[in-house]
Each structure stands twice: as structure tokens, then as C-alpha cells.
Amino acid sequence: MKVCIACGMPMANASEFACGDTTKDYCVHCARPDGSMQSFEEKKAGMTNFIIKTQGFDEKAAAQMAESSMKKLPAWKGYFNS
């Protein structure tokens, strides 16, 4: 089973891959409508909003949580100082 390089979501079924393309390394949630991967800023904003909506954190705390998760993912290597 592949794991999304941009958000860490496990991808087992074609429907979970960007555009249903199982050769992609990122999931449907990290893809733009044209199938390309979202930018760092787009993904951070999306993850922050998801954390606010699902876990009730304020924006600052949610952004910190999003960054903490993103630091561990291959797509964002180089976006953070070690």
C-alpha cells in the first residue's frame, strides 16, 4: 500500500489516488483539479482548515499542527530548516 507523499494518507484503492492514477505518489486530497499536486502553501492551508474543522483548534494552533505533520512528509523536505 502506498502512502501519500504530501499528507501521509494510506492509498489502497485507485479512487484514493490523484485522478485515479495509481502511479501517482499523492492522493486525491492533495491534487488540484488538473491532477497536479498542490503547492506547499495550498496543502498547509488545507491541512490547517481540516484540523480547525475536525478538531476545533484555533488557526494558529492548527497551522502549527499542520506544519508539524508536513515536516515528516517527503513532498515537503527542504521547506523546513532542520
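Is C19 buried or exposed in this predicted model? With a relative accessibility of 58%, C19 counts as exposed, and the legends below take up this residue again after an overview of the chain.

**Figure 1. Overview of the predicted protein chain, in which two strands and two helices are found.** Read from the N terminus, the order of the elements is β-β-α-α. The C-alpha trace extends over about 35 × 30 × 25 Å along its principal axes. For a compact globule of 82 residues a radius of gyration near 12 Å would be expected, and the 13 Å found for the protein chain agrees with this. Of the 82 residues, 30% count as buried. Among contacts with a sequence separation of 6 or more, 24% join residues that lie 24 or more positions apart.

**Figure 2. Close-up of C19, a residue of the loop between β2 and α1.** The backbone of C19 has a phi near 55°, which is a positive value in a residue other than glycine. The cut-off for an exposed residue is over 50% relative accessible area, and because C19 reaches 58%, it counts as exposed.

**Figure 3. Close-up of Q38, which is likewise placed in the loop between β2 and α1.** Q38 has a relative accessibility of 17% and counts as buried, a class that requires a value under 20%. If neighbours within four places in sequence are left aside, the contacts of Q38 are with H29, C30, A31 and R32, and also with K43 and W76. One of these partners, K43, also belongs to the residues of α1 that take part in the contact with α2.

**Figure 4. Close-up of P10 in strand β2, the strand formed by residues 10-11.** P10 has a relative accessible area of 44% and is therefore described as partly exposed. Apart from neighbours within four places in sequence, P10 is in contact with M1, K2 and V3, as well as with E16. The C-alpha atoms of P10 and T23 are 14 Å apart in space, and the two residues are separated by 13 residues in sequence.

**Figure 5. Close-up of the packing between helix α1 (residues 40-55) and helix α2 (residues 59-70).** The two helices pack at an angle of about 125°, and their axes are 8 Å apart. This angle makes α1 oblique to α2, and the crossing of the two helices is right-handed. On the α1 side the contact is made by F40, K43, K44, M47, T48, I51, I52 and Q55, while α2 contributes E59, A62, A63, M65, A66, E67, S69 and M70. Sorted by class, the residues of this contact comprise nine nonpolar, three polar and four charged ones.

**Figure 6. Close-up of M65, a residue of helix α2.** M65 is partly exposed, its relative accessible area being 30%. When residues up to four places away in sequence are not counted, M65 touches I51, Q55 and F57; of these partners, I51 and Q55 are among the residues that α1 brings to its contact with α2. For orientation within the chain, M65 and A12 are 53 residues apart in sequence, and their C-alpha atoms are separated by 25 Å in space.

**Figure 7. Close-up of E42, a residue of helix α1.** E42 has a relative accessibility of 35% and counts as partly exposed. From E42 to F57 the C-alpha to C-alpha distance is 19 Å, with a sequence separation of 15 residues. F57, the second residue of this pair, is also one of the residues touched by M65.

Technical notes:
Residues are numbered from 1 along each chain as its sequence is written. This is a predicted model: local features need pLDDT of at least 70, side-chain atom pairs count only at pLDDT 80 or more; totals for chains, interfaces and linings use all residues. Side-chain values use heavy atoms; hydrogens and water are left out. Axes are lines fitted to C-alpha atoms, for helices over the stretch in contact, and angles run from 0 to 180 degrees between N-to-C directions. Helices (H or I, at least four residues) and strands (E, at least two) are DSSP runs, numbered from the N terminus. Angles under 35 degrees count as roughly parallel, over 145 as roughly antiparallel, 65 to 115 as roughly perpendicular and the rest as oblique. A crossing is left-handed if the near helix is turned anticlockwise from the far one by less than a right angle, and right-handed if clockwise. Contact means heavy atoms within 4.5 Å. Ala, Val, Leu, Ile, Met, Phe, Trp, Tyr, Cys and Pro count as nonpolar, Asp, Glu, Lys and Arg as charged, and the others, Gly among them, as polar. The radius of gyration is taken over C-alpha atoms; the globule rule is 2.2 Å times the number of residues to the power 0.38. Buried means under 20% relative accessible area, exposed over 50%, partly exposed in between (1.4 Å probe, protein chains only).
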